[in-house]
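Grab a pencil and work through these exercises with the model open beside you. Try each task before you read its solution.

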Amino acid sequence: MTLLYTQEQKEYIHLAQEFGDRYLTPEIIKKYDLKGDCPSSLFEPAIKIGLHMLEIPREYGGAGLSYEDSALVFEKLAEYDAGYALTLITSFVALRCVMLAGTEEQAQRFADVIRPGRFAAFTMSEADAGSDAGSVKARAVRQGNEYILNGNKAFATNGGIADIFIGIFRTSNNGNHGLSAFMIDKNTPGIWVGKHEDKMGLRLSNTVPLGFKNVHVPAENLIGQEGRGINIALNSLNLSRAYVSTLTVGVMQRALNEAAKYANQREQFNQPISQFESVQNMLANMATAVETARLLVNNTMKMMDKDLSVRQEGAMTKLYVTDVAQKVTSDAVQILGGYGYTRAYPVEKLMRDVKGFQILEGTNEIQRMTIAREVSKKYQD
Amino acid sequence: MKIALIAKAEADNPKTYTSHKNKVTYHPENLFLSEEDKSALEFALQLTELKKGTIDVFTFEQNEAAERILHEALAMGATTATKVSAGNINDPLLQNQIASEFVHYLKENNENYDLILTGKTTSSAFPAAIATGLGISFYDYVSMIDTSLNYEMKLEKGKITGQCVLPAVIATLDSINVPRLASFTSLSTAINSSINNVSFKTSDEGVTSEIVAKPVKNEKAIFNLDQDPKATQKLVEILKQNGMLR
């Protein structure tokens with residue numbers, strides 16, 4: 001491997017591996033992937049060792065790891081199942097957003113909810129508002145000391161298992177600048193949770209539609225100011241984009257491991273298929289892709305640790321890593337041949353999982369727009 | 001209750017060493033606390049949670065593996081961690097010397113442990129030597145033990161049961177429990193904690209042992225039953241050697 005891990009990073013990764021070996025066995029993952037289910041009880045062991053608040057500072061009850069270190073842990077976890085890792089990441093990314101944009105009291109309140117082991121969700125997308133966040137229609141209307149929320153949301157990660165949401169609602173008709181962010185307790189009357197989506201991949205990650213009908217939210221639950229919702233959403237996306245990239249690297253590594261192992265064992269024409277040039281070329285390309293992706297993610301995480309803007313780098317990382325993962329996982333299936341095309345081996349699941357990463361946290365088409373805009377800015381007179 | 005744990009790296013894990021043409025190369029970057037020692041530490045934690053006490057972890061491993069093992073032990077809940085530099089603990093000729101020096105160190109520092117635990121991985125010589133030096137009981141191959149110190153000791157065709165008499169040295173198998181996982185918070189704390197360092201002087205005169213890997217046989221045996229009258233006999237011999245025939 002080209003990445004030079006520190007002693008501490010090796011220890012964190014080892015603990016993640018011990019956890020995965022014990023609690024995320026292939027049998028368990030396969031069972032829930034087939035069912036498309038993710039019971040909360042599956043996450044209890046993870047919560048017990050602090051995986052749900054890995055990057056959160058100690059004063060909020062987290063482990064206080066850097067972005068760089070926590071990314072390596074989640075990369076390892078994603079080798080077992082990316083959907084499982086995504087569930088844990090979504091919670092602490094939501095908390096981090098409140099810490100960045102909200103008051104100290106709000107952050108502490110949010111942390112108090114998730115610290116004992118509850119989940120958080122971030123919800124912005126709607127049926128007619130995916131990449132075009134400015135089309136969000138769900139409204140928040142101020143009435144005295146509270147806001148009344150009405151509208152429907154789509155594809156809320158963790159929506160079905162969360163106890164607290166960050167929701168983006170429209171407070172004025174000012175396009176993107178008319179959006180505001182709110183902390184919403186799940187138990188507030190008027191919230192309904194729809195059916196868990198029957199997704200192609202990331203099936204252990206809970207994804208649901210949410211409905212809000214006359215949901216009363218105290219005014220002090222507004223995060224930041226009215227109209228700042230899009231900035232909060234973009235902050236959240238910067239973080240989650242970087243973590244999605246790290247999960248993708250984990251899936252790619254797993255695909256490489258499975259393919260290389262199989263290629264050494266499978267014999268055709270009296271020799272292991274790893275001796276054939278076409279297979280060697282695929283393995284070489286896969287290994288190179290995994291290493292370059294990992295280095296790119298690591299660099300982005302280091303920038304985040306230094307509080308540098310990662311608008312461009314995060315987008316580039318997400319774009320490159322998730323695109324190249326399609327080829328890596330597809331090649332893994334190809335190397336395993338007919339068996340790779342069945343559920344008997346895990347590689348078909350890896351291929352299904354990484355497709356989702358090209359779409360969520362901002363589609364790769366949006367990432368290209370973001371990158372192009374940032375590049376153009378640098379060359380403007 | 002004062003407990004000491006002698007912690008070792010996971011020795012028999014394919015990731016921890018590679019062999020090529022009979023030469024063994026250890027990979028210290030892959031060395032972590034052994035499963036047997038984790039189980040021993042888990043037992044120690046259960047005892048101290050019940051009866052109040054401390055757990056001092058010692059390791060004789062060298063290089064980066066030592067710190068890693070001690071961090072893991074602290075993260076799980078050990079009280080203190082000490083790295084002992086005394087030569088190669090895996091060398092059978094040095095083990096007795098190191099054990100003797102360790103006993104001397106314990107006596108000199110009035111470390112009167114009620115219990116010295118170690119997970120079973122290699123020879124019994126080391127923990128046995130410590131028990132002899134301290135003049136205390138030694139229980140080996142303990143496959144079950146509870147917090148009342150009722151134990152079972154595995155035999156080939158049965159077991160010995162009884163109750164441990166303290167003070168004692170106990171070498172446990174990893175079947176005694178499923179050890180808890182450390183949390184990331186405690187691991188982060190452990191990584192930033194201080195580790196004690198102790199050195200023993202041991203003589204390396206006459207130490208000539210080295211570890212040699214078992215050669216891997218790749219040749220295929222071909223038995224021509226038509227041409228070789230002894231082919232059947234040879235085949236049976238090889239199957240017996242490989243344990244496929246009794």
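**Exercise 1.** Leaving aside its neighbours within four places in sequence, which residues is D37(B) in contact with?

Before you start: this is a predicted model, where local features need pLDDT of at least 70, side-chain atom pairs count only at pLDDT 80 or more, and totals for chains, interfaces and linings use all residues. Residues are numbered from 1 along each chain as its sequence is written, chains are lettered from A and ligands numbered from 1 in the order in which they are written, and side-chain values use heavy atoms, with hydrogens and water left out.

*Solution.* Step 1: find D37(B) in helix α1 (residues 35–51) of chain B; helices are DSSP runs of H or I, at least four residues, numbered from the N terminus. Step 2: look for contacts (heavy atoms within 4.5 Å). You should get L5(B), I6(B), A7(B), K8(B), T118(B) and G119(B). Step 3: D37(B) has 0% relative accessibility, so it counts as buried (under 20% relative accessible area, 1.4 Å probe, protein chains only).

**Exercise 2.** How many residues of α4(A) are buried?

*Solution.* Step 1: locate helix α4, residues 67–80 of chain A, with 14 residues. Step 2: check each one. The count is 14 of the 14, so α4(A) is largely enclosed by the rest of the structure.

**Exercise 3.** What is F74(A) in contact with, leaving aside its neighbours within four places in sequence?

*Solution.* Step 1: start in chain A with L51(A), L54(A), A85(A), L88(A), I89(A) and F92(A). Step 2: add T246(A) and L247(A), and your list is done.

Note on methods
Helix = DSSP H or I, 4+ residues; strand = E, 2+ residues; numbered from the N terminus. Buried < 20%, exposed > 50% of the residue type's maximum accessible area, 1.4 Å probe, protein only. Expected span 1.5 Å × (residues − 1).
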